[in-house]
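These are my notebook entries from a reading of one structure, set down in the order in which I looked things up.

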Amino acid sequence: MPLTGLPLRRRELLRTAAADVLGLSDIEETGEALSTVAAVTVAAVLDVAVRKVEQETGPLPTRMAVLAMGRFGGHEMGYASDADVMFVHDPLPGADEESATRAAHAVAEELRRMLSQPGPDPALPVDADLRPEGRQGPLIRTLASYLAYYRRWSLPWEAQALLRAEPVAGDPALGAAFITAADDFRYPPGGMAEAAVREVRRLKARMEAERMPRGVDPALQLKLGPGGLADVEWVVQLLQLRHAHAIAALRTTRTLAALAGARDAGLVTEPDAQVLESAWRLAARIRNAVMLVRGRASDTVPTSQPELSGVARLLGYAPDSAQDLVQDYRRTARRARAVMEQLFYG
C-alpha cells in the first residue's frame with residue numbers, strides 16, 4: 001500500500017520512524033513528532049467521546065480539557081510511550097456540579113476505552129496516574145477542585161509532576177487557566193522549601209531502590225539505572241522547582257531546554273551540562289532503537305547479540321562493533337551519575 005493510502009496516524013508514525021532510521025531527524029525532532037501525533041490522536045478521540053456521551057445523555061453540562069503530562073507534555077515521547085494525561089472540567093453556568101462531573105468522567109473513560117482497543121495501529125495507552133493522589137484519586141476534577149487540592153494537600157511529587165503539564169486537547173481557555181494556576185505550584189514563589197527538597201531527594205532514592213527491575217544489570221537500565229534518563233530529568237526538575245520562579249528559561253516542559261536554561265543561568269557548568277545532555281540523548285536514542293528493532297518496548301540495553309547488533313547498526317555503529325555501544329553507554333552513564341550525585345544530592 002502506498003504511504004498516502006495509510007490511515008493518518010499510522011502514516012505519520014511511519015514517516016517519523018523513516019526519518020529517524022535515515023538520520024534525517026535527531027532525538028528531539030523525533031520526540032516532537034511522536035508527541036504531536038499523540039496530541040492529534042487524543043484531540044480527535046476526545047471529540048468522538050464527547051459526541052458519544054452526548055448521544056446517550058444529552059449536551060455535555062461542562063467544558064473539558066486534557067493536560068499532557070510526563071514525556072507527552074515534555075514533547076519527548078518515544079515509540080513505546082504511553083500518553084500521560086490529566087483531565088480537568090469546569091461546569092457550565094447553572095449546571096449541577098455532580099452531574100457535570102459524572103458526564104465528564106464518562107467522557108474520560110470513553111476516551112481511555114477507545115484508545116485501548118486493539119487495532120492495526122500501534123496502541124496509545126492513556127495513563128492518568130500523575131494526577132493528584134495517583135491511582136487513588138479521582139480520574140477527573142473541576143478546575144476549582146484541583147486548585148483547592150494543590151493549595152491544601154499537594155505533595156512534592158505532585159508539584160514536580162506539574163512541571164511537564166501542558167494543554168493538549170479540549171477547551172483551550174480551560175487548559176490555559178489550569179496552566180496559569182499550576183505555575184504557582186510548579187514554580188513556587190521563593191523556590192521550593194528545603195523540607196520539600198529533602199522529600200524529593202528521598203523519593204528519588206526510594207524509586208531507585210524499589211522500582212529497579214530484578215535480574216537486570218542496573219548499569220544497563222536506560223530509565224532508572226545510574227546515569228539514565230531519570231537521573232538527568234530529576235536533576236533538571238529539582239533545579240526548576242528551586243529556581244524557575246526567578247529564571248524564566250527554566251519555565252519549560254522540555255528537559256534539554258530547561259537544562260540549557262540552567263547552564264545559561266550558571267546553575268550548571270558547561271561541562272556538566274554536556275555530560276547530562278549526552279547521557280539523556282544516548283539513553284533516549286537507544287530506547288527508540290530497541291523498539292524499532294524488537295517491535296516491543298524495553299528500558300534495557302540489549303545483551304543478546306542479534307538484538308544488540310541490530311540496535312548498534314541502527315545507531316550508526318560499524319558491523320561487528322556492537323560492544324562499542326555497550327561501552328559507550330556505560331561510560332556516558334557513569335559520568336552522568338557522578339554529575340547527578342553532585343548536583344542533586346550535594
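**Entry 1, a charged network.** I began with the salt bridges of this predicted model, and I found K204, E208, D231, R337 and E341 linked in a network of them. Within that network I looked up the pair K204 and E208, whose closest N and O atoms are 2.4 Å apart. Both residues belong to helix α8, which covers residues 194–211, and they sit four residues apart, about one turn of the helix. Is K204 buried or exposed? I noted that K204 is buried, because its relative accessible area is 1%, which is under the 20% that sets the limit for that word.

**Entry 2, other salt bridges.** My search of the whole structure gave 32 salt bridges, and I picked out two further pairs to describe. The side chains of R294 and E307 meet in one of these bridges, with 3.3 Å from N to O. Because R294 lies in helix α11 (residues 270–294) and E307 in helix α12 (residues 305–314), this pair ties together parts that are 13 residues apart in sequence. I then looked up how open the two partners are: R294 is partly exposed, with a relative accessible area of 24%, and E307 is likewise partly exposed, with a value of 24%. The other pair is R11 with E12, where the closest N and O atoms are 3.8 Å apart. For E12 I wrote down a relative accessible area of 23%, so E12 counts as partly exposed. As a general reminder to myself, side chains of opposite charge can pair when their charged atoms come close.

**Entry 3, confidence.** Before going further I checked how far the model can be read, and I found that the pLDDT averages 94 over the protein, while 98% of the residues score at least 70. Residues 1–5 have a pLDDT below 50, and in the model this stretch has four contacts beyond near neighbours in sequence. I therefore leave the details there alone, since predicted coordinates should not be read in detail where pLDDT is low.

**Entry 4, the second largest pocket.** I next turned to the second largest pocket, which has a volume of about 400 Å³. Its lining consists of 21 residues, and those closest to the centre of the pocket are R9, L13, Y79, P122 and M291. The elements that each give two or more residues to this lining are α1 (8–21), α2 (27–57) and α11. Which element gives the largest share of the lining of this pocket? I found that α1 does, with five residues. Sorted by class, the lining of the second largest pocket holds 16 nonpolar, three polar and two charged residues.

**Entry 5, a loop residue.** While I was looking at α1 and α2, I also looked up L24, which has its place in the loop between those two helices. At 64% relative accessibility, L24 counts as exposed, because the limit for that word is over 50%. Leaving aside residues up to four places away in sequence, I found that L24 touches A19 and E29.

**Entry 6, the enclosed spaces.** How many cavities of 30 Å³ or more does a search of the whole structure find? I recorded two. The largest cavity has a volume of about 50 Å³, and its lining is made up of L163, R164, V236, Q237, Q240, T252, T253, R254, T255 and A258. Helices α9 (229–243) and α10 (255–264) each supply at least two residues of that lining, and α9 gives the most, with three residues. By class, the lining of the largest cavity divides into three nonpolar, five polar and two charged residues.

The second largest cavity has a volume of about 30 Å³. I listed Y146, L147, Y150, F178, A181, A182 and F185 as the residues that line this second cavity. Two or more residues of the lining come from each of α5 (143–153) and α7 (172–186), and α7 gives the most, with four residues. When I sorted the lining of the second largest cavity by class, I counted seven nonpolar residues, no polar ones and no charged ones.

Definitions and conventions. Residues numbered from 1 in each chain as written. Predicted model: local features only at pLDDT ≥ 70, side-chain atom pairs only at ≥ 80, totals over all residues. Heavy atoms only, no water. Salt bridge = Lys/Arg side-chain N within 4 Å of Asp/Glu carboxyl O. Buried < 20%, exposed > 50% of the residue type's maximum accessible area, 1.4 Å probe, protein only. pLDDT = per-residue confidence, 0-100. Contact = heavy atoms within 4.5 Å. 1 Å grid on protein atoms, 1.4 Å probe; cavity = no way out; pocket = protein on both sides within 12 Å on 5 of 7 lines; lining within 4 Å. Points joined across faces, edges and corners; volume = space filled by probe spheres on them. Nonpolar A, V, L, I, M, F, W, Y, C, P; charged D, E, K, R; others polar.
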